[in-house]
Amino acid sequence: MEERYLTVSALTKYIKYKFDHDHNLEEVLLEGEISNFKHNSRGHFYFTLKDEGASISVTMFSSFAKTVKFIPKDGMKVFVKGNVTVYEPSGTYQINIKEMKSDGIGDLYLAFQQLKAELEREGLFAEHHKKQIPYFPKCIGVITSPTGAAIKDIVHTVSRRYPLTKIILYPAIVQGEDAKKDIVKQIQLANEQSLCDVLIVGRGGGSIEDLWAFNERIVARAIYDSHIPIISAVGHEIDFSIADFVADVRAATPTAAAELATPSLDMLKGNVNYYVDRMTKYMQQLFHNAKLIVANMDRRMDALNPLAKLKHKQTLLKEYSKQLNYLIQHILLDKKSRFKFLEGKLSALNPLNIMDKGYSISSINQEIITDITKVKVEDIMTTKLKNGEIKSKIFEVIENGKEDL
């Protein structure tokens, strides 16, 4: 019997036919680890799914790949669903998948964390890029659903706190696949019109799927590029979105966003009263200081008046004259008293005053005789009395106990 040889293509087609018509291979659920991941320019995913004992090639075409919420990476454990088939050019079998989920952590949460880390590296969360919210806004733009509770809460809060401001609603779809594009469109429109001082972008609460439009890259980029300051108000207090991190200010709720965008009327009244009180006290102090200055100027003017100065000098002259007379009288009295004191002492020491008591002073050749040995016979002696002098000649000198012949 003649042997029949098949071509490789024929065999491969046969094997592919078997794979494609095996009901067990039409919808296969696999788990494994991603290896050699590639994302080509057309949006297709190509990688190897492996475990400890085997591996299989995986293809995920762009129409299905764009539904994946996270960015696949090597080493990531995933769950996939698809059909097993044969890739004829290489004669290898593979699985074409339509769904892929991450293992252990939710796909949306994982996608959130990956985008958050990426945008943070790009600097979209940097504090120095954030703009100041105006304190007294003339107009507030609100980008949200026109029928949701968020716009009602915002309008009510703004009207209560600061009714002077105007509100412009930029209606947007805030849930579903078209929401991200609609939100971006309204942010760009508000910036083109430049009618508002601040924008509130957000919506009320919901599931992570409901809020997902505010975790999209294009929404984050639109918020970052806005020249109008933006307050993000997505969900409830416990909800955080990418928009919260990019916005200039994050509010826990739409109501909180309205409070952050407006000053409190009661607070403003309190501030006005405070400043009025301060101004009143300041003016009172100012008037008091002015009075002191005027009074001081009056005194200085009086001091500079020639008549006043002459009167002042005359008063001083009289006072100085009195002081001078007093000093002269005091000095004269002191001198008189001193003179009498010295006169008394001098009188007490004057030898002539002794003569009043009967004493006399004898001298020879104008030398007072104090010693008998200084006298000789025939000397002429002058004796001074109280009322005159006596001249006598010595004819005898008698020393105590002796006689000079």
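## Ground rules

Relative accessible area sorts residues into three classes: buried means under 20%, exposed means over 50%, and partly exposed is what falls in between, using a 1.4 Å probe and protein chains only. Lys81, for one, comes out as partly exposed with a relative accessible area of 27%.

This is a predicted model, so local features need pLDDT of at least 70 and side-chain atom pairs count only at pLDDT 80 or more, while totals for chains, interfaces and linings use all residues. Residues are numbered from 1 along each chain as its sequence is written, and side-chain values use heavy atoms, with hydrogens and water left out.

## Sheet and hairpin

Let's start with the strands. Helices (H or I, at least four residues) and strands (E, at least two) are DSSP runs numbered from the N terminus, and two strands pair if DSSP finds at least two bridges between them. Five strands make up an open sheet in the order E7-E6-E8-E9-E10, with parallel pairing. Its edges are strand E7 (166-171) and E10, each of which pairs on one side only. E6 and E7 run parallel and are joined by six bridges; here Ile140 sits opposite Ile167 of E7.

Further along there's an antiparallel pair: strand E13 (residues 380-384) and strand E14 (residues 389-393), held by five bridges. The two form a hairpin with four residues between them, and Ile380 has Lys393 in E14 as its bridge partner.

## Salt bridges

A salt bridge here is a side-chain nitrogen of Lys or Arg within 4 Å of a carboxyl oxygen of Asp or Glu, and the structure holds 12 of them. One of these joins the side chains of Lys81 and Glu99 at 3.8 Å, N to O. That pair links distant parts of the chain, with Lys81 in strand E4 and Glu99 in strand E5 (residues 92-102), 18 residues apart. Glu99, like its partner, is partly exposed: its relative accessibility is 39%, against 27% for Lys81.

Glu122 and Arg217 make another salt bridge, their closest N and O atoms being 3.6 Å apart. Glu122 lies in the loop between helix H3 (107-121) and strand E6 (139-144) and Arg217 in helix H6 (residues 217-225), so this contact ties together parts that are 95 residues apart in sequence. Glu122 is partly exposed at 39%, and Arg217 is partly exposed at 35%. Then there's Lys131 with Asp248, where the closest N and O atoms are 3.6 Å apart. Lys131 belongs to the loop between H3 and E6, Asp248 to the loop between helix H7 (242-246) and strand E10 (249-250), and 117 residues separate the two. Lys131 is partly exposed at 26%, whereas Asp248 is buried at 10%. On top of the single pairs, shared partners join Glu118, Glu122, Arg217 and Arg221 into one salt-bridge network.

## A negative patch

Now for the surface. Glu31, Glu33, Asp51, Glu52 and Asp74 form a negative patch. Patches are built from residues with over 30% relative accessible area and no salt bridge, like charges being joined within 9 Å and nonpolar side chains (Val, Leu, Ile, Met, Phe, Trp, Tyr) within 5 Å. Asp and Glu count as negative, with the charge placed at CG of Asp or CD of Glu. Areas come from the Shrake-Rupley method with a 1.4 Å probe.

Within the patch, Asp74 belongs to the loop between helix H2 (62-65) and strand E4 (77-87). Asp74 counts as exposed because its relative accessibility is 51%.
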